[in-house]
Amino acid sequence: MGTGEHVHSIFLIRHGQTSYNSQHRWQGQIDIPLNDVGRWQVKQTAAELTRLYVHGSTDKTFDIQAGMGQETDSDGERIEYFGSHFSPAPSEPQSQSQSGPAAASLSASGPTSSLKLSERRQLVVASHLSRAQETAHIFADPLGIEVNTDERIAERSFGEWEGLSMDEIKSRFPEDYASWEHFGGGELKHGAEPKEHVGRRGMAALKDWAYKAGDNTDLFVFSHGAWINQTLQMLLRLTDAHPDFTSLVSMRNAFWVKLSALDLPDGSVRWRLEEYEHGPVAAYITNWNNPWEGSGQMSSYLDEK
């Protein structure tokens with residue numbers, strides 16, 4: 001995907017839960033905000049992304065999904081932990097900058113003298129839809145980073161199915177629903193955007209933003225489930241083998257993807273999948289979609305907001 005100087009890593013982060021997600025309704029490009037669960041999810045994810053990829057924590061926290069290192073404690077138990085150990089984060093927030101693609105190179109805030117994780121810049125871009133914008137701001141605002149907006153990162157349009165529940169679609173359009181469920185494209189009869197189009201505009205956006213900064217910068221893209229899935233399958237050329245877009249499972253709310261760059265001898269770069277559907281530790285030790293289930297803690301959380 002292109003040649004020349006580019007960012008060090010790309011993160012694709014799905015927005016937190018909305019009321020439509022919890023009701024199993026098709027959102028598409030309807031502008032639905034996060035709900036309270038979604039805001040809680042995003043706070044967990046923002047804290048974990050910051051700890052792992054911005055500050056480079058030295059905390060050997062157990063990684064339930066994929067520990068990158070291990071040691072044995074005094075009781076003989078194996079402890080797995082994240083493998084990157086870096087210096088503590090700078091105490092001052094990063095400076096504000098202009099917004100928009102034209103100013104993208106200015107929007108990657110932070111020191112530039114070293115490539116250590118704790119000193120790399122962060123370039124943040126989000127879909128224009130409010131659920132992605134709020135997700136991005138929960139991550140970026142405490143760090144003093146500007147959130148750029150790009151409509152090419154918006155969710156796939158699902159045409160006349162938007163706003164309907166899965167059960168309603170299944171009842172009203174049983175054959176087309178079954179076709180969609182088996183990757184046959186039944187949704188296209190109802191005005192849905194073709195997956196290939198989503199992937200192409202997604203790749204175009206990533207190419208533009210990835211080359212707005214250099215190796216001292218990580219790119220954080222806050223988007224949507226179908227967009228991430230279809231963009232990633234085309235970027236990694238998984239559709240060459242399976243053009244029906246069946247190669248990746250759906251990603252949960254507020255989970256992320258990490259891509260790292262491989263610079264090839266001909267000057268081109270190949271983006272490689274380093275993490276897929278990775279979430280914060282909280283997602284593996286709680287009910288991620290209903291964290292207050294049976295705990296009675298919802299009211300105290302709302303009081304703290």
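Visitor: Let's start with strand β1. Which residues of β1 are buried on one side, and which on the other?

Guide: Good place to start, and please keep in mind that this is a predicted model. To read a strand, take its two faces in turn. On one side of β1 sit S9, F11 and I13, and on the other sit I10, L12 and R14; all of them are buried, so both faces are covered.

Visitor: What does that say about β1 as an element?

Guide: Count the buried residues along the strand. In β1, which spans residues 9-14, 6 of the 6 residues are buried, so the strand is largely enclosed by the rest of the structure.

Visitor: Which strand is joined to β1 by 6 bridges, and do the two run parallel or antiparallel?

Guide: To read a pairing, look at the partner, the direction and the number of bridges. Strand β6 (residues 217-223) is joined to β1 by 6 bridges, and the two run parallel. If you want a residue to click on, R14 has S223 as its bridge partner in β6.

Visitor: And how many bridges pair β1 with β7?

Guide: There are 5 bridges between β1 and β7 (residues 256-263), and this pairing is antiparallel. Here S9 is a handy marker, since S260 in β7 stands opposite S9.

Visitor: Let's move to the core. Which residues have the most contacts inside the largest nonpolar core?

Guide: For a core, ask how many residues belong, which have the most contacts, and which element gives the most. The largest nonpolar core has 35 residues, and I10 and L12 have the most contacts inside it. Helix α7 (residues 195-210) is the element that gives the most to this core, with 5 residues.

Visitor: What does I10 touch, leaving out residues up to four places away in sequence?

Guide: With those neighbours left out, I10 touches L206, A210, L219, V257, K258, L259 and W271. A second core, of 18 residues, lies apart from the largest one, and I13, A46, L49 and A126 are among its members.

Visitor: I13 has come up twice. Is I13 buried or exposed?

Guide: The cut-off for buried is under 20% relative accessible area. I13 is at 0% relative accessibility, so it counts as buried. The contacts of I13, again without residues up to four places away in sequence, are T45, L49, F220, V221, F222, S223, I228, F255 and W256. The C-alpha atoms of I13 and T45 are 9.1 Å apart, although 32 residues separate the two along the chain.

Visitor: Which residues line the largest cavity?

Guide: For a cavity, read the volume and then the lining. The whole structure holds 1 cavity of 30 Å³ or more, with about 30 Å³ of space in the largest. I13 is part of its lining, together with V42, T45, A46, L49, T135, F139 and F222. Two or more residues of that lining come from each of α2 and α4 (130-140), and α2 has the largest share, with 4 residues.

Visitor: What is the volume of the largest pocket?

Guide: The largest pocket comes to about 990 Å³. It is lined by 33 residues, of which R14, F158, W180, A226 and S250 are the closest to its centre. The elements giving two or more residues to this lining are α1, α6 (174-181) and α8 (225-235); α8 gives the most, with 5 residues.

Visitor: How should I read aromatic pairs, and how many are found in the whole structure?

Guide: Aromatic ring pairs are described by the distance between the ring centres and the angle between the planes. The search finds 14 aromatic pairs in this structure. One of them is W26 with F158, an edge-to-face pair at 4.7 Å centre to centre and 85° between the planes. The two are 132 residues apart: W26 is in the loop between α1 (19-22) and α2 (36-54), and F158 is in the loop between β5 (147-149) and α5 (166-172). W26 counts as buried because its relative accessibility is 6%, and F158, at 10%, counts as buried too.

Visitor: Which residues do ring pairs link into a cluster?

Guide: That cluster consists of F11, Y53, F139, F220, F222 and W256.

Visitor: To finish, how many helices and strands does the protein chain have?

Guide: The protein chain has 10 helices and 8 strands. Of its 305 residues, 50% count as buried. Among contacts with a separation of 6 or more, 70% join residues 24 or more positions apart.

Note on methods
Residues numbered from 1 in each chain as written. Predicted model: local features only at pLDDT ≥ 70, side-chain atom pairs only at ≥ 80, totals over all residues. Heavy atoms only, no water. Buried < 20%, exposed > 50% of the residue type's maximum accessible area, 1.4 Å probe, protein only. Pairing = 2+ DSSP bridges. Phe/Tyr/Trp six-rings, centres within 6.5 Å; stacked < 30°, edge-to-face > 60°. Core = buried A, V, L, I, M, F, W, Y, C linked by side-chain atoms within 4.5 Å. Contact = heavy atoms within 4.5 Å. 1 Å grid on protein atoms, 1.4 Å probe; cavity = no way out; pocket = protein on both sides within 12 Å on 5 of 7 lines; lining within 4 Å. Points joined across faces, edges and corners; volume = space filled by probe spheres on them.
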